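Here's a friendly walk through one protein chain. Have a look at it first, and then we'll go through its parts.

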Amino acid sequence: MAAPAENLKINGERLWDSLMEMAQIGPGVAGGNNRQTVTDEDAEGRALFQKWCEAAGCSMGLDQMGNMFARREGSDPDALPVYVGSHLDTQPTGGKYDGVLGVLGGLEIIRSLNDMGIKTRHPIVVTNWTNEEGTRFAPAMLSSGVFAGVHTQDWAYAREDAEGLKFGDELARIGWRGKEEVGARKMHAMFELHIEQGPILEAEGKEIGVVTHGQGLSWTQVTIVGKDSHTGSTPMPMRKNAGLGMARVLEQVEAIALSHAPHAVGAAGHIDVFPNSRNVIPGKAVFTVDFRSPDLSVIEDMEARLRIEAQKICDDMGLGVEFEKVGGFDPVTFDETCVAAVRNAAERLGYSHMNLISGAGHDACWINRVAPTAMVMCPCVDGLSHNEAEEISPEWAAAGANVLFHAVVETAEIVE
């Protein structure tokens, strides 16, 4: 298949203006965004995206999970479409680029093809996947998970937020629950552009990350039970301190992850201590250990060692301990042909680049189960994301979108 000429590039200024205009919907309190899934703000962002897509000559599809599909027709009616996209929903204190760059970068491909009068054999479909963040309705990547057959639609509809509202009801309330069967679409390939959400590209001075793998993830909830007692009057040898037990287990979590350096990571992000009173020794601690690695055998080793080490610590301290696997997914190896298209695009355009393993989950990780998939990443300042201070430069955005453009258009095949 013919590759796009080196001088074919997207309109970086138009892409940046679109990012800034979308960021006006659901503004945060500190310069970022709070456009959580299936809220009124999400509905407003979707409406703007649809308006832009229709202005670019696309037809809009909508499935029963609210996934949006803006289609630019190809010359061959029988050719499967090349999909490109990410998500428009944000964290409660999210940035302006996480997910949004991938959706609007896809739209910019369509606009640029229109400007250049280029036709492709395969249709190109720009996608907004619903509820990638999973903050309001857990888990993350919910709708792409239903699309890929990981979750059932009924299960997804029944997910509840902190107020007891159900995902399916809220999706219908904001008017974005479509009729199309979820997962019925067949794909020739899918590409996703995303900010790195980590510091590696910036630290290495690289403009493009060629994502070869996605880390697998394991969440184990650990419950340690001791005995509530007075912090002042309980003799040290008679204490059963669940908080201290947790601290010693978390030291082991650090050591276990470091033993598989550099690609494995581990920490506890969610921690509850009971009764959480200043003058009461904790009688219970509940925390979730998050282990990640691109190697499934490493994840399994870390899980097993956590249980062994935590059990020993608690036995020695006279504490009870229980373990529950509460989430996870296997590592992802992205499609070699699609990854090569991304790498070749970066080389053709003269951008500095490196292979990268994604430390976060993305919709592409689930779609990779049902179609050839790859990801493009651009740097973000200090690796900061899921924070209103998240920042990228217009040049980084344009570089990522240009690589995306070339990889997508080469895969969709230019009609001479």
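Let's start at valine 38, which lies in the loop between α1 (12-23) and α2 (40-55). Helices (H or I, at least four residues) and strands (E, at least two) are DSSP runs, numbered from the N terminus. This is a predicted model, where local features need pLDDT of at least 70, side-chain atom pairs count only at pLDDT 80 or more, and totals for chains, interfaces and linings use all residues. Residues are numbered from 1 along each chain as its sequence is written, and side-chain values use heavy atoms, with hydrogens and water left out.

**Backbone oddities**

Most residues other than glycine have a negative phi, and most peptide bonds are trans. Here are some spots that go the other way.

| Place | Feature | Value |
|---|---|---|
| Valine 38 | positive phi, not a glycine | about 45° |
| Asparagine 131 | positive phi, not a glycine | near 55° |
| Alanine 138 to proline 139 | cis peptide bond, omega | about 5° |
| Phenylalanine 274 to proline 275 | cis peptide bond, omega | near 0° |

Valine 38 counts as buried because its relative accessibility is 0%. Buried means under 20% relative accessible area, exposed over 50%, and partly exposed in between (1.4 Å probe, protein chains only). Asparagine 131, at 1%, is buried too, and sits in the loop between β4 and α4. Proline 139 is found in the loop between β4 (124-128) and α4 (142-147). What does histidine 151 touch, not counting residues up to four places away in sequence? The list is Pro139, Leu142, Gly145, Val146 and Trp366, where contact means heavy atoms within 4.5 Å. Histidine 151 itself lies in the loop between α4 and α5 (153-157), and at 17% relative accessibility it counts as buried. As for proline 275, look in the loop between β9 and β10 (280-281).

**Nonpolar cores**

A nonpolar core is a set of buried Ala, Val, Leu, Ile, Met, Phe, Trp, Tyr and Cys residues joined through side-chain atoms within 4.5 Å. The largest one here has 96 residues, and Met22, Phe49, Leu101, Leu104, Phe191 and Val403 touch the most other members. Helix α12 (residues 394-412) gives this core its largest share, 11 residues. Setting aside neighbours within four places in sequence, leucine 104 is in contact with Leu15, Ser18, Leu19, Met22, Phe49 and Trp52. Apart from the largest core there's another, of 21 residues, including Ile224, Met246, Val249 and Ile256.

**Two domains and a pocket**

The chain splits into domain 1 (12-214 + 331-412) and domain 2 (216-329), with bounds from an automatic or database domain assignment. Their centres, taken over C-alpha atoms, are 35 Å apart. Where they meet, 8 residues of domain 1 are in contact with 9 residues of domain 2.

Both domains also help line the largest pocket, each giving at least three residues. Its volume is about 1400 Å³. Of the 47 lining residues, Leu217, Arg292, Gly359, Ala360 and Gly361 are the closest to its centre. (On a 1 Å grid over the protein atoms alone, a pocket is an open set of points where a 1.4 Å probe fits, with protein on both sides within 12 Å along at least five of seven lines; lining residues have an atom within 4 Å of a point.) Strands β7 (216-225), β9 (265-274), β11 (284-293), β12 (320-329) and β14 (353-358) each supply at least two residues of this lining.

Methods:
Points joined across faces, edges and corners; volume = space filled by probe spheres on them.
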